[in-house]
Amino acid sequence: MHTSRLLLRSGLTLAAAAALPAALAGPSAAVSGISVSTTGSTVSVVTSACTLINGSWGTAALLTNRQANFAQGRQLALSGTSVSQSAAWTGVSPGTYTVVVVCSSGLTAGSQSVIVSASAPASVKPAVPSTRPTISSTSGPAPSRGVMGGLGGAARDYGPLTLGVGAALVGAGVVATGWVLRRRSKPYRL
């Protein structure tokens, strides 16, 4: 009797601990940030944080270091699908820029700085570009996802529903383990 109470208490404690990440994953957990890249004089931004509201995913802005807010930048509407939204600016002159993405819901998906390098003249341009843009992340309203080592860029931030289902599966596994251990502790009866 004492053992079963102990197993029940520890099972409930483990289930509560497994459900904690899902409980903490509020609306801010759905924000995944942005990814900015450059190719020559083209700056591209990709996100998966925005949802389609009234036919719009949101807007992205490219700001120079002299521009202070979103409204002053070169704005483009995001296009894409529910999996990925993107925007691209062409003919960007060399310099340091900040890309900011605001979803149609009004939430900022993220901001990131990017340096656009000067291209080599056409006659001297190597077959494989030897200069790569330097991309540095800035702290903004979007939460940082930290180091994602080993995931190779294939990581995706899933919403609270997915985290809740995962927590429920972990909880079910804990309960099933407790049940099996309880059954094994009883003597075999015919």
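In what order do the four strands of the open sheet lie? Keep that question in mind while you colour the chain by secondary structure, remembering throughout that this is a predicted model.

**The whole chain**

With the cartoon displayed, look for two helices and nine strands, which follow one another along the sequence in the pattern α-β-β-β-β-β-β-β-β-β-α. If you then switch to a surface, its accessible area comes to about 12,500 Å², and 61% of that belongs to carbon and sulfur atoms. Of the 190 residues in the protein, 24% are buried. Among contacts between residues at least 6 apart in sequence, 57% join residues that are at least 24 apart.

**The open sheet**

Now select strands E1, E2, E6 and E5, for this is the order in which they lie in the open sheet, and their pairing is antiparallel. The edges are formed by strand E1 (34–39) and strand E5 (79–80), each of which pairs on one side only. Zoom in on E5 and its partner, strand E6 (residues 85–89), where two bridges join the antiparallel pair; here you can find Gly80 standing opposite Gln85 of E6.

**Trp89, in strand E6**

Stay on strand E6 and show the side chain of Trp89, which lies in this strand. Is Trp89 buried or exposed? Its relative accessibility is 2%, and because the limit for a buried residue is under 20%, Trp89 counts as buried. Expand the selection to its surroundings and, leaving aside residues up to four places away in sequence, you will see that Trp89 touches a set of residues including Ser41, Thr42, Val43, Ala60, Leu62, Leu76 and Val99. Arg74 is also one of the residues touched by Trp89, and a polar atom of the Trp89 side chain lies 2.9 Å from the backbone oxygen of Arg74. These two residues are 15 apart in sequence, with 8.3 Å between their C-alpha atoms.

**Gln112, in strand E8**

Next select Gln112, which you will find in strand E8 (residues 108–116). This residue is buried, with a relative accessible area of 12%, and a polar atom of its side chain lies 3.0 Å from the backbone nitrogen of Val36.

**The disulfide**

Then show the cysteine side chains as sticks; how many disulfides are there? The count comes to one disulfide, and it joins Cys50 to Cys103 with an S to S distance of 2.0 Å. This pair links distant parts of the chain, since Cys50 sits in the loop between E2 and E3 while Cys103 belongs to strand E7 (residues 95–103), 53 residues away. Looking along the S-S bond, you will find an angle of -75 degrees, which makes the link of Cys50 and Cys103 left-handed. Both ends are covered: Cys50 is buried at a relative accessible area of 3%, and Cys103 is buried at 6%.

**Asn54, in the E2–E3 loop**

For the last stop, select Asn54, whose place is in the loop between strand E2 (42–47) and strand E3 (58–64). Asn54 is not a glycine, and yet its phi is positive, at about 50 degrees. Whereas Cys50 in this loop is buried, Asn54 has a relative accessibility of 79% and counts as exposed.

Conventions
Residues are numbered from 1 along each chain as its sequence is written. This is a predicted model: local features need pLDDT of at least 70, side-chain atom pairs count only at pLDDT 80 or more; totals for chains, interfaces and linings use all residues. Side-chain values use heavy atoms; hydrogens and water are left out. Two strands pair if DSSP finds at least two bridges between them. Buried means under 20% relative accessible area, exposed over 50%, partly exposed in between (1.4 Å probe, protein chains only). Contact means heavy atoms within 4.5 Å. A polar contact is a pair of N or O atoms within 3.5 Å; within protein, one must be able to donate a hydrogen and the other to accept it, and residues adjacent in sequence count only if both atoms are side-chain atoms. A disulfide is a pair of cysteine sulfur atoms within 2.5 Å. Accessible areas come from the Shrake-Rupley method with a 1.4 Å probe; for residues, only the protein chains shown count as cover.
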